[in-house]
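The exercises below ask for helix packing and nonpolar cores to be read from a model. Please attempt each task before turning to its solution.

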Amino acid sequence: MARILIIEDDTDINNSTAAYLRRQGCVCAQAFSGTEGLLLWRQGGFDLLLVDLMLPGLSGSELIAEVRKTSRVPAIVLSARTELSGKVELLGSGADDYMTKPCQLEELWARIQVQLRHARAGSFGEPLRFREWTLDPEGMTLTAAGRPVNLTAHEFRIVELLAGSPRRVFTRQQIYEAVWQEAYAVEDKTITVHISNIRAKLRPSGTDGYIQTVWGIGFKLAE
């Protein structure tokens, strides 16, 4: 059961995010300013932080800087800022992921699960398994039906995203923005090409059929 600290000064966003995550089985604490968030953080025990960028008191970036002095707990930034330079700066200064508001709660939950798996793998070396796949998030390696599969970093992240929520259908936009962490280009063929390459690499293991195309929507895994 993940313990998540939500630091967001918009009451509606904070409450709706907390309610959604509690339905997923998480324990949520809520702060409405950077100062309050830091006080709650210092009480300890959190597995992940959701941090708004523009906060009263400490800003989101200042709060993350304080947390990084003593901890590598995953931190996802939520912000209305869309420029790429701001995202790159935040990711370089200690944030683990970045989502532009307003965001879909389903996608936020998928990204939270990815960060929690990374944190668990870093601490305990736990792999992620789906049917005949075994993924090592720390080493970014995939074994399919006993065969090592040589994936690029982006290909691995796509497989990891799908395997983390195998019942969910991901749109091309959701996959692109989760893996590349930048705005999706309309009519971009990047995801289709990457899925095709992944399937080709999986074919010798007989597991290429695990990735299903949901026509008109995107992709999911075949359970």
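**Exercise 1: a pair of helices**

α2 passes α3 in a right-handed crossing, a crossing being right-handed if the near helix is turned clockwise from the far one by less than a right angle, and left-handed if anticlockwise. The model is predicted, so that local features need pLDDT of at least 70 and side-chain atom pairs count only at pLDDT 80 or more, while totals for chains, interfaces and linings use all residues. Residues are numbered from 1 along each chain as its sequence is written, and side-chain values use heavy atoms, with hydrogens and water left out.

*Task.* Determine at what angle α2 and α3 pack, and which residues meet.

*Solution.* Begin with the axes: helix α2 (residues 34–42) and helix α3 (residues 60–67) have axes 10 Å apart, at an angle of about 20°. Because of this angle, α2 is roughly parallel to α3 (under 35 degrees counts as roughly parallel, over 145 as roughly antiparallel, 65 to 115 as roughly perpendicular and the rest as oblique). Next, list the contacts, meaning heavy atoms within 4.5 Å: from α2 come G34, G37, L38, W41 and R42, which meet L63, E66 and V67 of α3. Sorted by class, this contact holds four nonpolar, two polar and two charged residues.

**Exercise 2: a second pair**

*Task.* Work out how the axes of α7 and α8 cross, and which residues join these helices.

*Solution.* The two axes come within 9 Å and cross at roughly 80°, which means that α7 is roughly perpendicular to α8. On the α7 side the residues are R172, I175, Y176 and W180, and they meet T190, I191, T192 and H194 in α8. The classes in the contact of α7 with α8 are four nonpolar, three polar and one charged.

**Exercise 3: the cores**

*Task.* Find which residues of the largest nonpolar core touch the most other members, and which element gives the most to this core.

*Solution.* A nonpolar core is a set of buried Ala, Val, Leu, Ile, Met, Phe, Trp, Tyr and Cys residues joined through side-chain atoms within 4.5 Å, where buried means under 20% relative accessible area. The largest has 30 residues, of which W133, L135, L142, I158, I175, L202 and I211 touch the most other members. Elements giving two or more residues include α5 (105–124), β7 (133–136) and α8 (190–202), whereas α6 gives the most, with six residues. Apart from this core lies another, of 20 residues, among them W41, V51, L55 and Y98.

Key
Axes fitted to C-alpha atoms, helices over the stretch in contact; angles between N-to-C directions. Helix = DSSP H or I, 4+ residues; strand = E, 2+ residues; numbered from the N terminus. Nonpolar A, V, L, I, M, F, W, Y, C, P; charged D, E, K, R; others polar. Buried < 20%, exposed > 50% of the residue type's maximum accessible area, 1.4 Å probe, protein only.
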